[in-house]
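Subject: Structure for your review

Dear colleague,

Please find below the sequence and structure that I am handing over to you. A summary of the findings on helix packing and internal space follows.

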Amino acid sequence: MLGPRPSAAGPGAPDDAPLTAPGATRAVEAVLGQVLEARLRQARETDEVAARDLAERVAALVLRGGKRLRTAFVYCGWRAAGGSGDTRAVLHTGAALELLQACALIHDDVMDGSPLRRGAPALHVDFARGHRAARMSGPAESFGSSAAVLAGDLALAWADDLLTETALAVPHGARLYGEWRAMRTEMVAGQYRDLKAQASGSSSGEEALTIAELKSALYTVARPLALGASLAGADAHTVDALRAAGRCAGLAFQLRDDLLGAFGDPLLTGKPADDDLRSRKLTHLLATAVRLAGATGDREAAAVLTAGPGGRAGRTVERMRAALERTGARAEVEARIADLAAAGLRRFEATGAGPEVRREFTALVERAAGVAPQPAEELV
């Protein structure tokens, strides 16, 4: 069953005041607190050791911040489809997405070997440190990775449980669960394509965009919008328009994340700014730079950016950043972000959503993409 209805507008506001997208991101914190308290209690009843080592770490990661953008997009999709009144299902769906995000982050950090997450040691690093401190046997890194995978699995189980409970309690639960099921498959496909591209040394721009769409754009924006619309019983036209808007805005979000992965300040992002470059992770930014280096005959840039014999020898993060700038890749990706953000707004308008909801969606896209979007021609 859904929990008690949170106050919509914050301290001093009436309980029936209309919720806003920023209000949804604040309100979901209370829902997450309630959900995690219940999950931790169940975990302790099952096994105190696993509860302390796994469940408590997962709960701490979930509560340690994050933009809560997915919750806000669920709310925007719900409102765009005519949703009003009781917001509990919206907030519980958002909370399920935050738990799923924890799973994705934990597993992604293991696969990428990332040492930091949200300003603290990544879980696999934290587990490995605990292994060493306790003088346990076997390789600490192997233990850390294995334990982190289990922690991610636990976060996924909690997410699925919460979404299923929500779907069973609402009129359009089957549609809600259908969107959720498709999203999880897309996430796994995108993560595998990412791993395979890195292992094969791919520099394909098409491959980079496919990964960005599957792994991030659909999961971060398009599916949350559709999840919210499903809760409101939206028609096919509205859901299609929301998915199209979400695809554009989600790609803009991922391309911004690619730029932050290469040029961001770790103190602001909470994660290293050079992991993607050191591992030569296939991003649209990298693929664009390789393409531009080939088109202009910039052999130095091509050598430092590409894999293969001679491609990595003596390469430094600083030289890669310089190549990304010199080839014009950074500027081209910035322009692409602005175009995608603008196209996302135009497609959101096709839902027929009112001006207040459109303003909130615009603000969310600006926050996600790091650019103030202006209406532009549709992108194919």
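**Helix packing**

Helices H6 and H7 (residues 173-200) pack with their axes 8 Å apart, at an angle of about 155 degrees. Since angles over 145 degrees count as roughly antiparallel, H6 is therefore roughly antiparallel to H7. Please note that this is a predicted model, and that the values in this message are computed from it.

On the H6 side, the residues that meet H7 are Ala159, Asp160, Leu163, Thr164, Thr166 and Ala167. Their partners in H7 are Gly173, Leu176, Tyr177, Trp180 and Arg184. Sorted by class, this contact of H6 with H7 comprises six nonpolar, three polar and two charged residues.

Helix H6 (residues 140-168) also packs against helix H5 (residues 123-133), where the two axes come within 7 Å and cross at roughly 130 degrees. That angle makes H5 oblique to H6, and the crossing is right-handed. From H5, the contact is made by Leu123, His124, Phe127, Ala128, His131 and Arg132. H6 contributes Ala140, Glu141, Phe143, Gly144, Ser145, Ala147, Ala148 and Ala151. The residues of the contact of H5 with H6 divide into eight nonpolar, four polar and two charged.

A further pair is formed by helix H1 (residues 21-46) and helix H3 (residues 69-80), whose axes come within 8 Å and cross at roughly 130 degrees. H1 is accordingly oblique to H3, and the crossing of H1 and H3 is right-handed. Ala21, Ala24, Thr25 and Val28 of H1 make the contact with Thr71, Ala72, Tyr75 and Cys76 of H3. In the contact of H1 with H3 there are six nonpolar and two polar residues, with no charged residue.

**The second largest pocket**

The second largest pocket holds about 180 Å³ of space. Its lining consists of Asp53, Leu54, Arg57, Asp126, Phe127, Gly130, His131, Met136, Phe143, Ser146, Ala147 and Leu150. At least two of these residues come from each of helix H2 (48-63), H5 and H6. Phe127, His131, Phe143 and Ala147 line this pocket and also take part in the contact of H5 with H6. By class, the lining of the pocket has six nonpolar, three polar and three charged residues.

**Cavities**

How many cavities of 30 Å³ or more does the model contain? The count comes to two.

The largest cavity has a volume of about 70 Å³. Asp258, Ala262, Asp276, Leu277, Arg280, Lys281, Thr283, Leu285, Leu286, Met320 and Leu324 form its lining. The elements that give two or more residues to this lining are helix H9 (236-263), helix H11 (275-278), helix H12 (284-296) and helix H14 (317-326). Six residues of the lining of the largest cavity are nonpolar, one is polar and four are charged.

The second largest cavity encloses about 30 Å³ of space. Leu61, Arg64, Leu105, Ile106, Asp109, Arg117, Pro121, Ala122 and Leu123 line the second largest cavity. Which element gives the most to this lining? Helix H4 (residues 88-112) does, with three residues. The lining of the second largest cavity divides into six nonpolar and three charged residues, with no polar residue. Leu123 belongs to this lining and is also one of the H5 residues in the contact with H6.

Kind regards

Definitions and conventions:
Residues are numbered from 1 along each chain as its sequence is written. This is a predicted model: local features need pLDDT of at least 70, side-chain atom pairs count only at pLDDT 80 or more; totals for chains, interfaces and linings use all residues. Side-chain values use heavy atoms; hydrogens and water are left out. On a 1 Å grid over the protein atoms alone, a cavity is a set of points where a 1.4 Å probe fits but cannot get out, and a pocket is an open set with protein on both sides within 12 Å along at least five of seven lines; lining residues have an atom within 4 Å of a point. Grid points are joined across faces, edges and corners, and a volume is the space filled by probe spheres set on the points. Helices (H or I, at least four residues) and strands (E, at least two) are DSSP runs, numbered from the N terminus. Ala, Val, Leu, Ile, Met, Phe, Trp, Tyr, Cys and Pro count as nonpolar, Asp, Glu, Lys and Arg as charged, and the others, Gly among them, as polar. Axes are lines fitted to C-alpha atoms, for helices over the stretch in contact, and angles run from 0 to 180 degrees between N-to-C directions. Angles under 35 degrees count as roughly parallel, over 145 as roughly antiparallel, 65 to 115 as roughly perpendicular and the rest as oblique. A crossing is left-handed if the near helix is turned anticlockwise from the far one by less than a right angle, and right-handed if clockwise. Contact means heavy atoms within 4.5 Å.
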